[in-house]
Each structure stands twice: as C-alpha cells, then as structure tokens.
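Visitor: Could you pick one part of this model and walk me through it closely? I'd like to hear what it packs against, and then a little about what else is worth a look.

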Amino acid sequence: MQLPEKTAPALLWPFKTLYYGWGVASVSMVLSFATVQLYGPVLSVFVKPINEDMGWSFTQISLAFTIGSFLGSMFTAAIGRLLDQRGARMVTTASAMFVAAMMLGLAFMQSPWQMWIFFGLGRGVSIAGIQIGATVAVANWFVVKRGRASSMSAFGQRFGQAVVPLMLLPIIIGLSWRHAYGVLAVSTLLLAALPAYLFLRRRPEDYGLLPDGVSESSRDTPVRPREAARAAADAAPWTVREAMRTRAFWLLILTMATISFAQTSTNLHAAASFQEMGISFAASATIVFVFAMSSAISTFPWGWLIDRLHIRYVMMVSSAMYVASMFLIVNADTYVDAVVFGVVFGTAAGAWTLAFRVLIPNYFGRRSTGAIRGATAPITAFLGPVGPLMAGFIRDQTGNFDLAFTIFAGVFAVAFVAMALARPPVHHTMRPGALETKNLATTSEGA
C-alpha cells in the first residue's frame, strides 16, 4: 500500500509500498535493544564489579533495581492515557534523553544512594516511557498480526540482553564499569532518542491507513474465523472501569506481578549465583548470553503461535517452563547444567517478553491499551519490585540464592493457575443479545 502524502515518515521510510506499521515495529525493536542496560541480565554483569570496587552489598545494589521497578509502575500509571491520546513519539524521545542522562550519572556515582536515584529513575522512565510507549505504538498499528509485530520488539529486548553484556565485558575488564556506563549513555541517545523522534507515530487511522495494512478495497474480504474474532474483540470499546469489573483483569494483574517478581529477580541474580558456584566472571556472562539469546530467538515462533492461539494458553506453557527452570538452577552443579537452565529459562522468558506486550490489547482491545496498562501499574508496583530485593537479602543471610529460587518456583506456579482461570471477557456490546437488540433498533429506525 502506498503511504499517503501527509505521512511525514514517508520522507525517511525507504520502503514506500510496505505498510508503515512494520516501520513502527522495526523502530520498537531498536528502542528495546538500546535500553536493555536497565534490565536484570545487563545489570548482572555490573553487580560483582561494583560490589568489589565500592564494597556495596547485594542488598544495596538490588535496592536500585527494586526502586526502578516500583517507579516504572508509578510512571506507567501516570502516562498511560497520554500514550493513548498523543501517541508514543514525544514521550519516548524525551524518556530516552532522560535515560541517557541517568547513565552518565551512574558513571560518576560514589554512594549507594546515588545509584538508587540514577538507576531507579532511569529504569522507571525506561519502563514507562520507552517500553510501554513502544508497546502501545505497535499495538495500535496491528490487530491480527500483533503477535508477529510485537515479536520484533521482544526480540530487540532479548537480543540486547544477550549481546550487550558481552559487548560491555571487555570495557569493564579493560577499563572499568564506569567507562561502560559512559558508553551506554551515548548509545542511548543515538539508538533510542533519535529513532523514536523520527519514526514513531500514533495510529494508522491518523494517516489514512488501517491496522495490519488492510486496504479499504479488501476490508470486506472474507477472513478466517479466528482473525474475524480477533478483529471483533479488538473493536470492543473497553474502558478502564469496564475492564476492572472483569475477573480476567485481576487475574492478569496477578500474573504480571508474580512473573515480574520472580523473573526479573532471576535475571538480576543468575550470573552472581553461578559465579559463587565456581564459574568465572567471564563464563557467567556467557550463561547470561545463553538465556537471553534463547529468549530472543524464541520470540518469533512464540509470536507466530500467539497469532494462532489465545495468549492465555501460551502463558500457561511459559509459566510451566519457568517452574522447571527454577528446579534446574537450584540443582545446577556444572557449567553444562547452567547452560541447560539458560535455554529453558530463556525460552520461557521469550514468551513472557512478548506476552507482556500483547496481554492487555489482546484481552481488551487497542483503544485504551495505555490507560488499562496504567491502571494495572499501581497494583503490580507493590509486588513485582520486591523480588530482586528479597533475593539479595536471602543471599546476604544464607550465603546463596537457593531458597530464593525455590520460592520463585512456587510463584511461577501461581502464574500458571491465574492464566488457566483468566478466560477472556466479552464486552456487553458484543454479546449476542446486545447485537440482536441493536439490529432490532436499527430496523425500527429504518421502518
């Protein structure tokens, strides 16, 4: 489809006959890659160097991550409606510039409280302004192909978590962890702020386009029942208040909070756990690479599956794999055991990384994705961020992470049960009785 003349990105988007939504999805992939420095797998390679250089405990370092996760939820609640109304372009651009400034602050920090401020604010703004911003942008441009489009963003995040630690490793070893944060400040400006400003746009309808690249001439072409059902559900005019009245809304909150509680904690502490098992610093970084790359590669088949099955079933499989991975890490004795853990945990994380982006729009449509996501944030804020801090405290008290990982196995099991019960709700305007009433009213008016 040819882009309309008024579409500003057409001046820079080289593929003039390709649906511009794929441009939004591509940029979301770059954004996700460029802001992984505030996620657990990347922070994990900084934990030991900072611990040894500054003498800060695991609990003190983990607190920065916890603060960031909490602020991310709070900021998401504040800007969710803004993303729906104005789009992600300016919010994401400003957020990326702010994150770059926080990376520079981390390069010069001297006290734990400075890490809590710089890392906490940076992670909070990155989650709300960049991750959620890109999520809303992609969800607005796709309906039937949302899983495949969102898998690009999920791949960028997980691929970044795989390769960025390895890219930072020689900088940390050869220079220092401070130099590594300086490099991250520059890369955030070039790979996040600039692309977001140039290419992100709100909705296809703003430019005379339709979701998924459907043309007006083919709009009424018969489609498969599954795709028709997805499109009909997406068209339902869910509001935040209506969503909150459904059981599915609260079960999704429970799932997001519990998985965030356990998964981000494992991301952060897995490398340190393997180092204490006797694996070298460099070798532990390769394990981070294994589970992050497994996650990245798996996002594409997960995306294909999500477009064919309801996200509920995919999340049940992912949760079961998470449970298995916790038993693997607790019983790992060798490097090979650690690698097996990395593959299983990473594959489960690939599904979750993608599901996090599509859970809300697939259950409640795209019109209020930002607002409904924002409504979940204050509730998840008080459970999800506690995990990394709790795991760090358990390590400081017991000398290892085994108890923490055992607890996380139970937490992932709770997520499995929650998704098994989270049947997708039907909006009152889409129920058969409502449709019949509407048709009768239309017939009476015509008479």
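Guide: Quick bit of vocabulary before we dive in: a helix here is a DSSP run of H or I at least four residues long, and helices are numbered from the N terminus. Bear in mind too that this is a predicted model. With that counting, the chain has 17 helices and zero strands. Of its 447 residues, 57% count as buried.

Let's zoom in on α1, residues 21-34. Start with its length: at 1.5 Å a residue, its 14 residues should span 20 Å, and the C-alpha atoms at its two ends are indeed 20 Å apart, which agrees. Now for what's tucked away. G21, G23, V24, A25, V27, S28, L31, S32 and A34 are the buried residues of α1. These buried residues pack against several other helices, namely α4 (89-108), α5, α6 (146-174), α7 (177-199) and α13 (335-364).

Take α5 from that list, which covers residues 112-141. The two axes sit 9 Å apart, and the packing angle is about 165°. Anything over 145 degrees counts as roughly antiparallel, so that is the label for α1 and α5. As for handedness, α1 makes a left-handed crossing with α5. On the α1 side, the contact is made by G21, V24, A25, S28 and L31, while α5 brings I130, A134, A137, V138 and W141. Sort those residues by class and you get eight nonpolar, two polar and no charged ones.

Now a couple of side trips to single residues. N51 sits in helix α2, residues 40-54. The cut-off for buried is under 20% relative accessible area, so N51, at 18%, counts as buried. Setting aside residues up to four places away in sequence, N51 touches W56, S57, F58 and I61.

L63 belongs to helix α3, which runs over residues 58-86. With a relative accessible area of 24%, L63 is partly exposed. If you skip its neighbours within four places in sequence, its contacts are W116 and L389. That second partner is worth finding on screen: L63 and L389 are 326 residues apart along the chain, yet their C-alpha atoms are separated by 5.7 Å.

To put that pair in context, look at the chain's contacts with a separation of 6 or more: 85% of them link residues 24 or more positions apart.

Terms used:
Residues are numbered from 1 along each chain as its sequence is written. This is a predicted model: local features need pLDDT of at least 70, side-chain atom pairs count only at pLDDT 80 or more; totals for chains, interfaces and linings use all residues. Side-chain values use heavy atoms; hydrogens and water are left out. Axes are lines fitted to C-alpha atoms, for helices over the stretch in contact, and angles run from 0 to 180 degrees between N-to-C directions. Angles under 35 degrees count as roughly parallel, over 145 as roughly antiparallel, 65 to 115 as roughly perpendicular and the rest as oblique. A crossing is left-handed if the near helix is turned anticlockwise from the far one by less than a right angle, and right-handed if clockwise. Contact means heavy atoms within 4.5 Å. Ala, Val, Leu, Ile, Met, Phe, Trp, Tyr, Cys and Pro count as nonpolar, Asp, Glu, Lys and Arg as charged, and the others, Gly among them, as polar. The expected span of a helix is 1.5 Å times one less than its number of residues. Buried means under 20% relative accessible area, exposed over 50%, partly exposed in between (1.4 Å probe, protein chains only).
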